[in-house]
Amino acid sequence: MNRIAIDEQTALVNAHAAGHVLLSLRDVHLQYGNTSVLNGIDLSVQRGQAVSIIGPSGSGKSTILRCINGLVSPQRGEIHVDGIDVRALTTDAQRIALRKRIGFVFQQYNLFPHLNVLDNLTIAPMRVLGRSRAEAEGDAHALLARVRLGNKAKAYAGALSGGQQQRVAIARTLAMRPDLILFDEVTSALDPETVGEVLNVIGELADEGQTCVLVTHEMRFAEDISDEVFFTEGGVIVEHGSAQQIFHDPVHERTRLFLQRARGEDCAGRMRRRDQRDTPTTHDTSIRRS
Ligand SMILES: Nc1ncnc2c1ncn2[C@@H]1O[C@H](COP(=O)(O)OP(=O)(O)OP(=O)(O)O)[C@@H](O)[C@H]1O
Ligand SMILES: [Mg+2]
């Protein structure tokens, strides 16, 4: 049995021992030079949960996600993904094995411009997971239907809207069948008209039980989708709880103030867009659950 297979088996055994917790961070501290960015982050996610991290700009949200998939290494604390001790990974092979299990969707979708949509979806499953072309293409067509782009398999990225490209990027992530998906502000670079279609796709994934951690400034979406919400400020989790509790009955004054401001901006942005377009915006995510 090779090293990766042993690691995966160990991970499975540990996961059973750990119950349903898929991801946990304990007392995670990270500094860049003399600047403390994370100051003792505790966070855990159960398999099947959708968890949101909200908070002001610079509070450490993206850094938390980057720690989870091993892109940056904290100086202190513990991070476990499905029983794998992320900080103990030492070889590239081990880190690659971890990243096969964790999808990461960014603001910039970074599709390969010289490949069509289908090839963008099949390249990693074939090259990294060793799937046959037939299997990878079968999967890709099913995923494109799931993100409502079944008719775009032969299109190139440049011929798609931002929202369509982001949905391709989500399908590309799903093609790796990850245990966990990290979403970092995936709608913040999109035209307002295409935000809703991307949020709806993510909402459906969460409803289907895909475990995910979302960093988002879309407060109504976070409220609608999340099993649990973490509010960060200054590199600490100020407060966490159910979406109902955080959004309607926050304990901390800082959470209350942040939400007040964020809702004000949400509302002002929506009105501005309505004035500009003279038509209603489409990203009323409450539609999804109604
Ligand atoms: N590579 C780096 N080197 C030095 N400082 C960094 C680096 N990456 C992030 N930081 C700092 O760490 C802090 C947290 O950054 P992070 O990107 O995690 O914030 P964020 O909550 O995601 O903010 P935003 O909502 O603007 O995306 C910021 O003060 C940022 O300037
Ligand atoms: Mg960020």
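What follows is a set of questions and answers on a predicted model, covering its sheets, its helices and the surroundings of its ligand.

Biologist: In what order do the 6 strands of the open sheet with mixed pairing stand?
Modeller: Strands in a sheet pair through backbone hydrogen bonds, either parallel or antiparallel. This sheet is open, and its pairing is mixed. Neighbouring strands are turned by 15 degrees against each other on average, direction ignored. The order is S6-S7-S8-S3-S9-S10.

Biologist: Which strands stand at the edges of that sheet?
Modeller: An edge strand here has a single partner strand, so one side of it is left without a neighbour in the sheet. One such strand covers residues 102-105, and the other covers 236-241. They are S6 and S10.

Biologist: Which residue of S8 stands opposite alanine 50?
Modeller: Strand S3 spans residues 50-54, and strand S8 spans residues 211-215. They run parallel and are joined by 4 bridges. Opposite alanine 50 stands cysteine 212.

Biologist: Now the other sheet. Which strands stand at the edges of the open sheet of 4 strands?
Modeller: The order is S2-S1-S4-S5, with antiparallel pairing. Each edge strand has a single partner strand, so one side of each lacks a neighbour in the sheet. The edge strands are S2 and S5.

Biologist: What is the bridge partner of serine 24 in S4?
Modeller: Strand S1 covers residues 21-32, and strand S4 covers residues 76-81. Their pairing is antiparallel, over 5 bridges. The partner of serine 24 is histidine 80.

Biologist: Which residue takes a positive phi in the hairpin of S1 and S2?
Modeller: S1 and S2 run antiparallel and are joined by 9 bridges. In this pair, glutamine 31 stands opposite serine 36. The hairpin has 2 residues between the strands. The one with a positive phi, near 60 degrees, is glycine 33.

Biologist: Which element gives the most residues to the shell around ligand 1?
Modeller: The shell includes Tyr32, Thr35, Val37, Lys61, Ser62 and Thr63. Strand S2 (35-46) and helix H2 (61-68) each supply at least two of its residues. The top contributor, with 3 residues, is H2.

Biologist: How many residues of that shell are polar?
Modeller: Among the residues around ligand 1 are Gly55, Ser57, Gly58, Ser59 and Gly60. By class, 2 of the shell residues are nonpolar and 1 is charged. The polar count is 8.

Biologist: How are helices H4 and H5 set against each other: roughly parallel or oblique?
Modeller: Packed helices are described by the angle between their axes and the distance between the axes. H4 (residues 117-127) and H5 (residues 133-146) pack at about 130 degrees, with axes 9 Å apart. The angle lies outside the ranges for roughly parallel, antiparallel and perpendicular, so H4 and H5 are oblique.

Biologist: How many residues of the contact of H4 with H5 are nonpolar?
Modeller: From H4 come residues including Val117, Leu118 and Leu121. H5 gives, among them, Ala136, Ala140 and Leu143. The contact also has 1 polar and 3 charged residues. The nonpolar count is 9.

Biologist: How are H4 and H6 set: roughly parallel or oblique?
Modeller: H4 and H6 (residues 162-174) pack at an angle of about 25 degrees, with their axes 8 Å apart. The cut-off for roughly parallel is under 35 degrees. H4 and H6 are therefore roughly parallel.

Biologist: What is the hand of the crossing of H4 and H6: left-handed or right-handed?
Modeller: The contact is made by Val117, Asn120 and Leu121 of H4 with Val168, Ala171 and Arg172 of H6. By class, these residues are 4 nonpolar, 1 polar and 1 charged. The crossing is right-handed.

Notes. Residues numbered from 1 in each chain as written. Chains lettered and ligands numbered in written order. Predicted model: local features only at pLDDT ≥ 70, side-chain atom pairs only at ≥ 80, totals over all residues. Pairing = 2+ DSSP bridges. Axes fitted to C-alpha atoms, helices over the stretch in contact; angles between N-to-C directions. Near = placed C-beta within 6 Å. Nonpolar A, V, L, I, M, F, W, Y, C, P; charged D, E, K, R; others polar. Parallel < 35°, antiparallel > 145°, perpendicular 65-115°, else oblique. Contact = placed C-beta atoms within 7 Å. Left-handed = near helix turned anticlockwise from the far one by under 90°.
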